[in-house]
Amino acid sequence: MSTIRRFRAMDMFRFNNINLDRYTETYNLPFYLSYMSSWPDLFHVAESADSTLMGYMMGKVEGKRELWHGHVTALTVAPECRRLGLGRGLMSFLENASEKIYDCFFVDLFVRPSNTVAIAMYESLGYIVYRQVLDYYVTDGVMPTENAYDMRKALARDADRKSVVPLKHPVSVEDTYF
């Protein structure tokens, strides 16, 4: 049994088991705190019955006009807790808040093309590869420099689904700022 709840500051001292995954981007403490204070309803953890953190999702809203959207900054689940539906549950929280609280047009996220398991999950949730971003992920000594897929899912406000018409050519990182 697990519970999904809002992230708390003390959780930063309890999620090393989750952050050690090679695909997980790890940030400094002020970065986590800024998300917790700016977008508390888009920052959740999955917690087991014995209070072990099993995963977390960190998101935000950004953009203007038709580019107003929810963004998944990080979604990660501890290796021993995968294949339990926690990632789907966490994504559902962000998608619902993006649609019902923030009235966004779409949700987007960036993922390494080599992370095929994550891509398959996002596709099963209705996300499409909107564009490829060149050299988005810079080597950290463990993972190589790699492009990113910018994946998107249209929400109800985008009835014509204009936000998910894929671009034909890759873009640079500078082209991803809203």
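This passage walks through the packing, strand pairing and charged contacts of a predicted model.

The inside comes first. The largest nonpolar core holds 40 residues, and the members that touch the most others are Phe 15, Tyr 56, Leu 75, Met 91, Leu 109, Tyr 122 and Tyr 127. Helices and strands both feed into this core: two or more residues come from each of helix H2 (29-38), strand S2 (43-48), strand S3 (53-62), strand S4 (69-77), helix H3 (86-100), strand S5 (106-111) and helix H4 (116-124). The largest share, six residues, is supplied by S3. Tyr 122 gives a feel for how the packing works. Setting aside its neighbours within four places in sequence, Tyr 122 is in contact with Leu 75, Met 91, Leu 109, Val 111, Tyr 127 and Met 151. A second core sits apart from this one; it has six residues, including Phe 110, Ala 148, Val 171 and Val 173.

Strand S7 (residues 146-154) deserves a look of its own. Seven of its nine residues are buried, so S7 is largely enclosed by the rest of the structure. S7 runs antiparallel to S5, with six bridges joining the two, and Phe 106 has Ala 154 of S7 as its bridge partner. Strand S6 (residues 128-137) is also antiparallel to S7 and is joined to it by six bridges; here Tyr 137 is partnered with Glu 146 of S7.

On to the charges. Side chains of opposite charge can pair when their charged atoms come close. The model has nine salt bridges. In one of them, the side chains of Lys 153 and Glu 95 meet at 3.1 Å, N to O. Lys 153 belongs to strand S7 and Glu 95 to helix H3, so this pair ties together parts that are 58 residues apart in sequence. Both Lys 153 and Glu 95 are buried.

Another salt bridge brings together Arg 131 and Asp 150, at 2.7 Å, N to O. Arg 131 is in strand S6 and Asp 150 in strand S7, so the pair ties together parts 19 residues apart in sequence. Arg 131 has a relative accessible area of 7% and is therefore buried, and Asp 150 is buried as well, at 0%. Elsewhere, salt bridges with shared partners join Arg 5, Asp 11, Arg 14 and Glu 47 into one network.

The salt bridge between Asp 103 and Arg 157 (3.6 Å, N to O) has a different setting. This pair links distant parts of the chain, 54 residues apart: Asp 103 is in the loop between H3 and S5, and Arg 157 is in the segment after S7. Asp 103 is partly exposed, with 39% relative accessibility, and Arg 157 is partly exposed too, at 40%. Asp 103 also has an unusual backbone feature to mention: its phi is near 55°, a positive value in a residue other than glycine. Arg 65 likewise has a positive phi, near 50°, and is not a glycine. Arg 65 is placed in the loop between S3 and S4 and, at 65% relative accessibility, counts as exposed.

Finally, the surface carries a nonpolar patch formed by Met 10, Phe 13 and Leu 29, with about 340 Å² of accessible area together. Leu 29 is part of helix H2 and is partly exposed, with a relative accessible area of 39%.

Terms used: Residues numbered from 1 in each chain as written. Predicted model: local features only at pLDDT ≥ 70, side-chain atom pairs only at ≥ 80, totals over all residues. Heavy atoms only, no water. Core = buried A, V, L, I, M, F, W, Y, C linked by side-chain atoms within 4.5 Å. Buried < 20%, exposed > 50% of the residue type's maximum accessible area, 1.4 Å probe, protein only. Helix = DSSP H or I, 4+ residues; strand = E, 2+ residues; numbered from the N terminus. Contact = heavy atoms within 4.5 Å. Pairing = 2+ DSSP bridges. Patch = residues over 30% accessible without salt bridge, like charges linked within 9 Å, V, L, I, M, F, W, Y side chains within 5 Å. Areas by Shrake-Rupley, 256 points an atom, 1.4 Å probe, with all protein chains shown as cover. Salt bridge = Lys/Arg side-chain N within 4 Å of Asp/Glu carboxyl O.
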